[in-house]
Amino acid sequence: MEKDKKKLVLIAIMTVILFLGVLVGAFMDFSSNMLDTKGIIFYLIPLILVVFMAFFIIRRYRDIKGGMPLEDERSRQVITKAAATSFYATLYWLLAISMFEPFFAKILFGTKTLDAGQTVGGAITGMAIFLFIFWIYYDEKGKLI
Amino acid sequence: MKNRIKEFRARYDLTQEDLAKKVGVRRETIVFLESGKYNPSLNLAHEVAKVLKTTVDGLFIFEDKK
């Protein structure tokens, strides 16, 4: 139980760091007049993640307080399956990024091509979104095998 | 795979949360188990059967897939 509490505190600290990062980044962009519509979308995704994590932490805290574990065999199966599926989906996402590179570059950054950092960033963001979606999907689905 | 968890739970006047605590799993796992949507590991099946004072065979109804 103590281990579960420590794990939850670690998740809470990471969420707070992410939230502060988004806040500082958005404030810096706003103060230098760089916060446009694309920028707002860029900051909105991690902000949604923070809100989701806050709900997750509160719910799990109540469970731990009530004597239930933070994770069990089913929740471990859910995250494993979500991770495997999101990895598989990311391969197609990377293929889409490379095939439609001029489109993404123009829409997101107003350039002709994407540099390495933008491509890797896009891939990681896509993977995180896939993981989030598949995690919710498998958690609600029930039947895992 | 069907099961008689609900029936046994009622017999011992246990809520899903009580059973989850006794078995050491999350409440959702018991919900999915009870509705037949989740197939437990042999260890978990044994643990649930032990808490409900029955056997794995008595708790879970195995169906032939043919």
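What share of the 66 residues in chain B is buried? The figure legends below walk through this predicted model, and the answer comes with the second view.

**View 1. Chain B and its run of helices and strands.** Here we follow chain B from one end to the other. Five helices and two strands make up its secondary structure. Along the sequence they come in the order β-α-α-α-α-α-β, so there is a strand at either end of the pattern, as the DSSP runs are numbered from the N terminus.

**View 2. Inside and outside of chain B.** Back to the opening question: buried residues account for 45% of the 66 in this chain. The C-alpha trace spans about 35 × 20 × 20 Å along its principal axes. The radius of gyration of chain B is 11 Å, which agrees with a compact globule, because a chain of 66 residues would then come out near 11 Å. Among contacts in chain B with a separation of 6 or more, 56% join residues 24 or more positions apart.

**View 3. The surface of chain B and its charges.** About 4,000 Å² of chain B is accessible surface, and carbon and sulfur atoms hold 49% of that. Chain B carries 14 positive and 10 negative charges, and the mean positions of the two sets lie 1 Å apart.

**View 4. Where chain A meets chain B.** Chain A brings 20 residues to the contact and chain B brings 16. Together the two chains bury about 1,400 Å², with 48% of this area from carbon and sulfur atoms. On the chain A side, A:Met68, A:Glu73 and A:Arg74 lose the most area to chain B, together giving 39% of what that side buries.

Definitions and conventions: Residues are numbered from 1 along each chain as its sequence is written. Chains are lettered from A and ligands numbered from 1 in the order in which they are written. This is a predicted model: local features need pLDDT of at least 70, side-chain atom pairs count only at pLDDT 80 or more; totals for chains, interfaces and linings use all residues. Side-chain values use heavy atoms; hydrogens and water are left out. Helices (H or I, at least four residues) and strands (E, at least two) are DSSP runs, numbered from the N terminus. The radius of gyration is taken over C-alpha atoms; the globule rule is 2.2 Å times the number of residues to the power 0.38. Buried means under 20% relative accessible area, exposed over 50%, partly exposed in between (1.4 Å probe, protein chains only). Contact means heavy atoms within 4.5 Å. Accessible areas come from the Shrake-Rupley method with a 1.4 Å probe; for residues, only the protein chains shown count as cover. Lys and Arg count as positive and Asp and Glu as negative; His and the chain ends are not counted. The place of a charge is taken as NZ of Lys, CZ of Arg, CG of Asp or CD of Glu. Buried area is the accessible area (1.4 Å probe) that two parts lose on being put together, summed over both.
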